[in-house]
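Let us walk through this structure together, one piece at a time. Keep the 3D view open beside you and turn it as you read.

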Amino acid sequence: MKTASIQSPPPRPPGHQPRKVLARLDRLTKTYGVPGSAVEVPALKGISLTFEEGEYVAICGHSGSGKSTLLNLLGCLDRPTGGRYILGDADVSRLDDDALSDIRSKRLGFVFQSFNLIPQLTVLENMEVPLFYQGVPPRLRREKAISLIERVGLQHRIHHRPMELSGGQQQRVAIARALINDPLLILADEPTGNLDTATGDMILDIFAGLHKEGKTILMVTHEDDVAARCRRVITLRDGQVISDVQND
Amino acid sequence: MLTTMYISHAFETTRLGLKNIYLHKLRSFLTALGIICGVAAVICMLSIGEGASEAELALIRLLGTNNIILTSTKPEETSATEVRSWLLEYGLTRADLQRIRGTIPNVVRVVPLREVAYEAIYGTTQFPATIVGTEPALFNTINLTIASGRPLLPVDQAQASQVCVIGDEVRARLFAYEDPIGRTLIVNAPRSGYVPFKVVGVLSRVETAGTPAKGVSERNLNTDVFIPLSTADHRYGDLKFKVRSGSREMSKCTFSDLYVQVDELENVIPVSQMLQQLLAHGHSKKDYLVKVPLERLKIAEAQKRQRQITLGCIAGISLLVGGIGIMNIMLATVTERTREIGIRRALGAKRRDITFQFLVEALILSSVGGAIGVATGTAGAFLITWWVEWPTIIHAWTILISAGLALAVGIFFGIYPAATAARLDPIEALRHA
């Protein structure tokens, strides 16, 4: 693993074709105020990164390094204190809550460590949630959900509730859910953290498959062997990027 | 297009709400129970208030709001000389009748009534009916309907015929197993003895929401036997004898009642004041009463309104308690489902989507509770009538008001928890255990 200088683009392999830029972070900062005092805690101290179409990126770092904050910003769950975040062709760093919700439902797919399926909904209903908030008609949602559940191999479980599935199966449903809106970015937050190694490997295989199809995946992890399977590894420490390398 | 999208969205949110409520059947039922009790209480209370008032109002309407009723009363015996006088003379006189007919404007007609006897006999059965001499016009003055036969006619009055029209109670007691029309009953009075009268008509039962018709004139029309006034004049005169535990009592009371019918409703009060003044001049003692059904109607309506408000408030409080119950449970639900809220927000739900979702759940609870409450309250009102024998009346507006109140309570107490849910920070909510 090589260490690259901060904020310089990672070295390209020879013959690299410039691809479409999906997301650009420009000196992004995030500062948390401590309630009831004037003390401010900087979580991100000016992050500039560019993500191209089809990249498979791991964001690493110890706890407190700012990787969760970065993922929240990338996922439009939070707004930066300073800097700009361009997603697709729109600057989303200053959008209001409703517009951010819209972006989340149309352009982003989330995969969480703890799966985060809604317990009272069936597998299919869980997958349809992002489309529901886009206002997609029920029949279209159902068709799309069924076509995606086949890809993660759970078509025999479509009417089950999350509690009736194993962790690996739940995460596969969550991945299918993240794919249902054809997102620009798939954001995964420690997707193997709650799974045993074998199941984790299976989930990573699915991600690898998605990467081959050309999906763009950003994955937060603190496990080196998980990061090793990604094409590009960004390491954060104390709110700054300390390394950004391409795996070969 | 957009509207259909919203409708489908609302429909699915409702389905989701129903599902969530169904998943927590017991809790949802207990939550709705507050609303059920509240709505049932509102309906029961209002129906009791309505029923109690209706009995009185119906009687007043029967007596006619255009009428003024003058009634003779025995004066209080003040001086010692009067106690010894062998003939008690009191009440409304022919002179009063003449003066009213001659001087008071806006009076359509004055119908005199005179009680002449207190016992009717048929075969071996006797019944303490009140035998009343009156003019045929009575039947048009108060809203009496004839169940069978005919009313008294001017020809009866002109010929002083020995015919009578009987009240429903008299029919039931004396003619339980036969048609009274054409039969002859005997009227017994101390001095005149047994006088036969042919029954020509029977009045419909005067019934007002369960209670016998006793009201403004304190006259129970069901136990009356009406005969022509001219017949009463010929047969009995003005003097009245009563034999009471061995002693004879004799009194002279020309008319027990005068029914004064006024042409227009707005003239009723002025005419009643004129009558007061007119009678005050002719009578040294206060041996008459002026009763105005219209005034009683107004008082009764005011009382009814007051009663409705009181009962409504009491019931409203229980509805309020139900609403607080909903708010309590919804707040607990929001806490319990914080993570779900976070997931939904991350997957693209706007704040208003979350607000809507929880508001819909509160509304489902309150409207289902309201519907069950309407059913329970209606059943409760019937039970009250059946068991305690209180008259109850359920109007359509009672149901509309109570159901509307339930919805209003649902919205009012649902908004705060829903807003709380929508205000949650998605990141915090996702982290929630």
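**Helices, sheets and a shared interface**

In chain A, helix α3 (residues 123-134) and helix α5 (residues 167-179) have axes that come within 8 Å and cross at roughly 35 degrees. Before going on, please keep in mind that this is a predicted model. As α3(A) passes α5(A), the crossing is right-handed. On the α3(A) side the contact is made by A:V123, A:N126, A:M127 and A:P130, and on the α5(A) side by A:V173, A:A176 and A:R177. Sorted by class, the contact of α3(A) with α5(A) has five nonpolar, one polar and one charged residues.

Now look for the strands of chain A. Strands of a sheet pair through backbone hydrogen bonds, either parallel or antiparallel. One open sheet in chain A has four strands in the order β2-β1-β4-β5, with antiparallel pairing. At its edges stand β2 (40-52) and β5 (90-91) of chain A, each with a single partner strand, so one side of each has no neighbour in the sheet.

Strand β1(A) is a good one to follow here. β1(A) is joined to β2(A) by 10 bridges, and these two strands run antiparallel. To find your place along this pair, look for A:A23, which stands opposite A:F51 in β2(A). The hairpin of β1(A) and β2(A) has six residues between the strands, and there A:G36 takes a positive phi near 85 degrees. Strand β1 (residues 21-33) of chain A is also joined to strand β4 (residues 82-87) of chain A, through five bridges and again in the antiparallel sense. Here A:D26 stands opposite A:R84 in β4(A).

Chain A has another open sheet to visit, this one of six strands in the order β6-β7-β8-β3-β9-β10, with mixed pairing. Which strands form its edges? They are β6 (108-111) and β10 (240-246) of chain A, each of which pairs on one side only. On average, neighbouring strands of this sheet are turned by 20 degrees against each other, direction ignored. Within the sheet, strand β3 (residues 56-60) of chain A and strand β8 (residues 217-220) of chain A pair in the parallel sense over four bridges. A handy landmark is A:A58, which stands opposite A:M219 in β8(A).

Helices pack on this sheet too. Helix α2 (residues 97-107) of chain A touches β6 and β7 (185-189) of chain A, and its direction makes about 80 degrees with that of β6(A). Helix α6 (residues 197-212) of chain A lies across β3, β6, β7 and β8 of chain A and runs at about 150 degrees to β8(A).

Let us move over to chain B. Helix α10 (residues 293-336) of chain B packs with helix α13 (residues 396-423) of chain B at an angle of about 30 degrees, their axes 9 Å apart. That angle makes α10(B) roughly parallel to α13(B). The crossing of these two helices, α10(B) and α13(B), is right-handed. Among the residues that meet are B:L319, B:L320, B:I324 and B:M327 in α10(B) and B:V409, B:F413, B:Y416 and B:P417 in α13(B). The residues of the contact of α10(B) with α13(B) divide into 15 nonpolar, three polar and no charged.

Another pair in chain B has its own mix of residues. The axes of helix α11 (residues 338-346) of chain B and helix α12 (residues 351-387) of chain B come within 10 Å and cross at roughly 140 degrees. These helices, α11(B) and α12(B), are therefore oblique to each other. The crossing in which α11(B) passes α12(B) is right-handed. Here B:E340, B:I341, B:R344 and B:R345 of α11(B) make the contact with B:R351, B:I354, B:Q357 and B:F358 of α12(B). By class, this contact of α11(B) with α12(B) has three nonpolar, one polar and four charged residues.

Finally, see how the chains come together. The contact between them takes 29 residues from chain B and 28 residues from chain A. About 2500 Å² is buried between chain B and chain A, and carbon and sulfur atoms give 54% of that area. Which three residues supply more than any other three of the area that chain B buries against chain A? They are B:K19, B:L347 and B:I427, which supply 24% of it.

Terms used:
Residues are numbered from 1 along each chain as its sequence is written. Chains are lettered from A and ligands numbered from 1 in the order in which they are written. This is a predicted model: local features need pLDDT of at least 70, side-chain atom pairs count only at pLDDT 80 or more; totals for chains, interfaces and linings use all residues. Side-chain values use heavy atoms; hydrogens and water are left out. Axes are lines fitted to C-alpha atoms, for helices over the stretch in contact, and angles run from 0 to 180 degrees between N-to-C directions. Angles under 35 degrees count as roughly parallel, over 145 as roughly antiparallel, 65 to 115 as roughly perpendicular and the rest as oblique. A crossing is left-handed if the near helix is turned anticlockwise from the far one by less than a right angle, and right-handed if clockwise. Contact means heavy atoms within 4.5 Å. Ala, Val, Leu, Ile, Met, Phe, Trp, Tyr, Cys and Pro count as nonpolar, Asp, Glu, Lys and Arg as charged, and the others, Gly among them, as polar. Two strands pair if DSSP finds at least two bridges between them. Buried area is the accessible area (1.4 Å probe) that two parts lose on being put together, summed over both.
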